[in-house]
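Open the structure in your viewer and keep the selection tool at hand. The stops below say what to select and what is there.

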Amino acid sequence: MTALRRLRRYTWYSVVAGGVLVALGTGLDLLQGRHGLVKSLLLALAVVIVVVQHTRYLHQAMSGLGRGEPRLWEHTATFAVALAAWSVMASSGGFLIGWAMLPGLVIAHVAATLPARTRWPVVVLAGVATIVAGAVLGGEDRTPAVVLAVVMIVTLVFADLAQLWVWDLAQQLEQARRTAEALAVAEERLRFAADLHDIQGHHLQAIALKGELAQRLVGRDDDLARQHAGEVAELARTALRETRDVVQGYRRASLGLEIANAVGVLRAAGIETAVDGNAADVPPPLQPLFGALVREGTTNVLRHSRARRCDVAITVEDGRTRVRVRNDGVRPDEVGEPGAGLAGLRERFAAVGGRVEADSAGDAFELVGTAGVGR
């Protein structure tokens, strides 16, 4: 059983226990036979009405404080019954503690079902009516009647509101927990989608390029065509393996491997490629992140430019890593809005306190990522 269900059960038990306590106290008083049969039956009926209504409305209020059904006529009639029973017993010297609880129960459950703006005026008004009835009809017991009326109203109202407030708070916390779980699932799906986009976009672009090269070389240079065809098969196997790793959550590609793949693909496309810096200097926790940056940059070079040269620069200083992918062959009219890959890349860098910048100047385009471990 969950904690929320246990709390709901305990709250419900306390509500029922309050009603049983009132029924026992007033019932024992009536069984003494000091009030006559008819009067005792009417008073017993009043107790049953109040206890049933109190239990019913507090159960309804467990959906949330102030969210009950505001049935004014029903609340008024129930309070009139409780006030009448209290008035009769206050004037005849009955068991005042038990009978003082009757109007207190009604005031408590009405307060629980009313919205906050009307709750306390109603409590004060009904409380004053109860106290006045005890003061006017109490006779020699006027003082204890007034004291008991005040004590019972204050105790029951705040006891019921307190336990319902705790229950309401527990529901809100449970809802917040469920929302957090849903957000975590959504975030993991976005991460998975970003990884899948990085892998599939990069490898499929490379496979398409090498497939076209192999097709053009058939009959002209069969050996080179076979070489490219073999590389297409190897790229397909790599894409399949990395896709499986993403699904299983174990993908940890190094930056050095991603750069080596990028250089091979770009040079195969006739793009001169140079690497400045050592990928091994990048901290291990950041290797997959910057690997994704290189994949995205390589895909952009192949898909959105007529590049002749591409440069990859790696800089690690003071615990902060910067990787830049720069290419030429970009025309101003081809520079559009950032795609899903770049948007996902920015989100992943932002999650570790880093940033991604994409900028074009003349026919050159730069993709720069910066991040640090523990920042």
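Select Thr 78: its relative accessibility is 4%, so it counts as buried, the cut-off for buried being under 20%. Bear in mind that the model is predicted. Colour residues 72–92 to see helix H3, in which Thr 78 lies.

Now show the residues around Thr 78. Leaving aside residues up to four places away in sequence, Thr 78 touches Val 50, Gln 53, Val 106 and His 109. Of these contacts, display the side chain of Gln 53: a polar contact of 3.3 Å joins it to the side chain of Thr 78.

Next, go to strand E3, residues 320–327. Which side chains of E3 are buried? Select Thr 321, Val 323, Val 325 and Asn 327, which point to one face and are buried. Then select Arg 320, Arg 322, Arg 324 and Arg 326; these point to the other face and are not buried. Such alternation is what a regular strand gives, because its side chains alternate between the two faces of the sheet.

Add strand E2, residues 309–317, which runs antiparallel to E3 and is joined to it by 8 bridges. On this side, Ile 314 stands opposite Val 323. Follow E2 into E3 through the hairpin, where 2 residues lie between the strands. Stop at Asp 318 in the turn, whose phi is positive, about 55 degrees.

Finally, select strand E5, residues 364–372. E5 and E3 also run antiparallel, with 8 bridges joining them. To find your place in this pairing, pick Asn 327 in E3 and Phe 365 in E5, which stand opposite each other.

Definitions and conventions. Residues numbered from 1 in each chain as written. Predicted model: local features only at pLDDT ≥ 70, side-chain atom pairs only at ≥ 80, totals over all residues. Heavy atoms only, no water. Helix = DSSP H or I, 4+ residues; strand = E, 2+ residues; numbered from the N terminus. Buried < 20%, exposed > 50% of the residue type's maximum accessible area, 1.4 Å probe, protein only. Polar contact = N/O pair within 3.5 Å; in protein donor to acceptor, adjacent residues only side chain to side chain. Contact = heavy atoms within 4.5 Å. Pairing = 2+ DSSP bridges.
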